[in-house]
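Q: Please examine the model shown here and explain the terms applied to it.

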Amino acid sequence: MLLKILIIMMLNFLIGILNQTQTDLSNTQNELSRTQDELSNTQNELSRTQDELLQIKTKFFKFSEEISKVNEKLENNLVQPQYELLQIQKKLLEIISNLKEDLIDASSIIYEKEQNLFKANCKIHTLTYFLQNANSIILEFEE
C-alpha cells in the first residue's frame, strides 16, 4: 500500500515535470516564432534599404551620364565663358557630394540591418538548441 502511494506520488511528480517541460517548450516555440518574425522584418527592411541604395546608384549613374554630356558640350563649345563653366562645375561637385553622402548613409543603414539580421540568426540558433534539448527531455520522459 505504501509502495503504491509512493509510486503514485512519483508519477504525479514526473507528470508535473513533464507538464512544466511542455509549457517551457511551448514558450520557447513562441519566442522562436517571434524571433523569426523579427528576422523576416529585418530582412524586409534590408531589402528596402538595398532598393534605396540601388535607386541612389541609378541616380548617380544617370548623373554621371549628364556630366559626360556636359563635358562634351564644354569641349565642343570652347567659346563659352569661364564663369559659366565654374558655376556648372560647382553645381556638379555639390550634387556629387550629396550623392556620396546618400551612399554613405545607405551603406550605414545596410550595415546596421545586417547586424540586426546576424543577431536574429543567433537568437534562432540558441532557441533551436533549447527546443532540441526540451524535445529530448520530453522524449526521455515519454519512454
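A: At 33% relative accessibility, Leu14 counts as partly exposed, because the value falls between the limits for buried (under 20% relative accessible area) and exposed (over 50%), with a 1.4 Å probe and protein chains only. This is a predicted model, in which local features need pLDDT of at least 70, side-chain atom pairs count only at pLDDT 80 or more, and totals for chains, interfaces and linings use all residues. Residues are numbered from 1 along each chain as its sequence is written, and side-chain values use heavy atoms, with hydrogens and water left out.

Q: Why is Lys113 called buried or exposed?
A: Lys113 has 12% relative accessibility and therefore counts as buried.

Q: What makes the link between the side chains of Lys113 and Glu45 a polar contact?
A: The two side chains are joined at 2.3 Å, and a polar contact is a pair of N or O atoms within 3.5 Å, one able to donate a hydrogen and the other to accept it; residues adjacent in sequence count only if both atoms are side-chain atoms.

Q: Why is the pair of Phe60 and Phe61 called stacked, tilted or edge-to-face?
A: The structure holds two aromatic pairs. In the pair of Phe60 and Phe61, the ring centres are 6.2 Å apart and the planes stand at 70°, so the pair is edge-to-face. Rings of Phe, Tyr and Trp (its six-membered ring) pair if their centres lie within 6.5 Å, with planes under 30 degrees apart stacked, over 60 edge-to-face and the rest tilted.

Q: How do you know whether Phe61 is buried or exposed?
A: Phe61 has a relative accessible area of 54%, so Phe61 is exposed, whereas Phe60, at 24%, counts as partly exposed.
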